[in-house]
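Biologist: Could you take a close look at one charged residue for me, and then walk outward from there? I'd like to hear what surrounds that spot and how the rest of the chain fits in.

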Amino acid sequence: MNFLRLSFTLAIISLLFSCKEPPPRPVVRIIPLPAEVIDQKGLFTLSSSTNITISSGIEPLRKIAALLAGHTEKYHGIVNAVEESKNGEKGSIFLKLDENLKLGKEDYHLTVSSKGVVIEAAYPAGLFYGAQTLIQLMPPMPKQTAEIIL
């Protein structure tokens, strides 16, 4: 009888632990709240080998890239080089100005994956606000490697 009760108790406990939900992903706390957030698996690791790449050498893009580079250096001790490239590169933060995008002056698309970060906008103001959002996704505590989880 004790064996039967013990077996039943162990079965119930096993069932309860197998039904446990995985821990929730962090809530995205961004001001202003984005129009849409699509949760994906994976993370991007920002380090000193991460380049900030701009789609053209115009002054507004250089200033936005310098803003990002200055933030990562000041608050995380990470120095990031700024480069120009039409397509970005794997593992980089790519600021892409594309006038063909059907976005407003301050609108942007921000994509974070394990392959890199892409901020796209039709106007420099959109890239600026996308960069501000990326900064908000970085951990508030200074450390050598910042992981951005989305």
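Modeller: Lys96 counts as partly exposed, at 25% relative accessibility. Bear in mind that this is a predicted model, so treat everything here as a reading of the prediction. Lys96 has a salt-bridge partner in Glu120, with the closest N and O atoms 3.7 Å apart. Lys96 sits in strand E4 and Glu120 in strand E6 (residues 116–121), so the pair ties together parts that are 24 residues apart in sequence. Glu120 itself is buried, its relative accessible area being 19%. That is a call made just inside the cut-off, because buried means under 20%.

Now step along to Asp98, which lies in the loop between strand E4 (93–97) and strand E5 (109–113). Asp98 is buried and yet has no salt bridge. The nearest side chain of opposite charge is Lys96 again, 4.3 Å away from Asp98. A salt bridge here has to be within 4 Å, so that pair does not count as one. What does the side chain of Asp98 reach? It gets to the backbone nitrogen of Asn100, at 3.0 Å. Leaving out residues up to four places away in sequence, Asp98 touches Ala121 and Ala122. Ala121 falls within the residue range of strand E6, 116–121.

How many salt bridges turn up when the whole structure is searched? The search gives 2. Besides the one at Lys96, the side chains of Glu84 and Arg62 meet in a salt bridge, 3.7 Å from N to O. Glu84 belongs to strand E3 (residues 82–84) and Arg62 to helix H2 (residues 59–76), so this bridge ties together parts that are 22 residues apart in sequence. Glu84 is partly exposed, at 47% relative accessibility, and Arg62 is partly exposed too, at 39%.

Aromatic pairs are quickly covered: a search of the whole structure finds 1. Phe128 and Tyr129 make up that pair, edge-to-face, with 5.3 Å centre to centre and 70° between the planes. Phe128 is partly exposed, with a relative accessible area of 33%, and Tyr129 is partly exposed as well, at 35%.

For a link across a long stretch of sequence, try Ile30, in the loop between helix H1 (2–18) and strand E1 (43–46). Ile30 counts as buried, at 7% relative accessibility. Ile30 and Gln136 are 106 residues apart in sequence, but their C-alpha atoms are 6.4 Å apart in space. Setting aside residues up to four places away in sequence, Ile30 touches Thr133, Gln136 and Leu137.

Finally, the chain as a whole. It has 3 helices and 7 strands, running α-β-β-α-β-β-β-β-α-β along the sequence. Of the contacts between residues at least 6 apart in sequence, 66% join residues at least 24 apart. Buried residues account for 33% of the 150 residues. The accessible surface comes to about 10,100 Å², and 59% of that belongs to carbon and sulfur atoms.

Note on methods: Residues are numbered from 1 along each chain as its sequence is written. This is a predicted model: local features need pLDDT of at least 70, side-chain atom pairs count only at pLDDT 80 or more; totals for chains, interfaces and linings use all residues. Side-chain values use heavy atoms; hydrogens and water are left out. Helices (H or I, at least four residues) and strands (E, at least two) are DSSP runs, numbered from the N terminus. Buried means under 20% relative accessible area, exposed over 50%, partly exposed in between (1.4 Å probe, protein chains only). Contact means heavy atoms within 4.5 Å. Accessible areas come from the Shrake-Rupley method with a 1.4 Å probe; for residues, only the protein chains shown count as cover. Lys and Arg count as positive and Asp and Glu as negative; His and the chain ends are not counted. A polar contact is a pair of N or O atoms within 3.5 Å; within protein, one must be able to donate a hydrogen and the other to accept it, and residues adjacent in sequence count only if both atoms are side-chain atoms. Rings of Phe, Tyr and Trp (its six-membered ring) pair if their centres lie within 6.5 Å; planes under 30 degrees apart count as stacked, over 60 as edge-to-face and the rest as tilted.
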